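User: Hi! I'd like to go through some charged side chains and the labels they get. Could you take me through the reasoning?

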Amino acid sequence: MYLRSKGATVAVTDDLERAEFRASLGVPDSAASCHTALIDGYAIEGHVPVEAIRRLVTERPDAVGLALPGMPVDSPGMGGDEGSWADQPVVLVHRDGSLTGYPY
């Protein structure tokens, strides 16, 4: 697992109601991906690169979290190499459900 390979402790739970769980966190359908994580109080949706997550938990913006919508083939954990991940469209999910680009 990608996050484990970067030193994170990960607990996995299968949730048949994941869409409802994601929505309860404030992640809109437009940011949906294949799985949802909670990291230091933030929702992380999809295959978000660890560098973006580190920036998020360091800067601590007033936001729901980060998302990498869809399932891009060369995103972390999906193949490709780390050099290609910087081009992935990571977005900051704001509390009102809006999304803005999140460079990392």
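User: What makes the contact between the side chains of Glu59 and Arg55 a salt bridge?

Analyst: Happy to help; keep in mind that this is a predicted model. The N to O distance between Glu59 and Arg55 is 3.0 Å, and the cut-off is within 4 Å, so the pair counts as a salt bridge. Both residues lie in helix 3 (residues 50–59), four residues apart, about one turn of the helix.

User: Why is Glu59 called partly exposed?

Analyst: Its relative accessible area is 48%. Buried means under 20% and exposed over 50%, so Glu59 falls in between. Arg55, at 28%, counts as partly exposed too.

User: How do you know whether Arg22 and Asp29 are buried or exposed?

Analyst: Arg22 has a relative accessible area of 7%, which is under 20%, so the label is buried. Asp29 reaches 61%; that is over 50%, so Asp29 is exposed. The two side chains meet in a salt bridge of 3.2 Å, N to O.

User: What makes Arg22 and Glu45 a salt bridge?

Analyst: Their closest N and O atoms are 3.9 Å apart, and that is within 4 Å, so the pair qualifies. Arg22 sits in helix 2 and Glu45 in strand 2 (residues 42–46), so this pair ties together parts that are 23 residues apart in sequence. Glu45 is buried, as is Arg22.

User: How many salt bridges are there in the whole structure?

Analyst: A search finds six.

How values were computed: Residues are numbered from 1 along each chain as its sequence is written. This is a predicted model: local features need pLDDT of at least 70, side-chain atom pairs count only at pLDDT 80 or more; totals for chains, interfaces and linings use all residues. Side-chain values use heavy atoms; hydrogens and water are left out. Buried means under 20% relative accessible area, exposed over 50%, partly exposed in between (1.4 Å probe, protein chains only). Helices (H or I, at least four residues) and strands (E, at least two) are DSSP runs, numbered from the N terminus.
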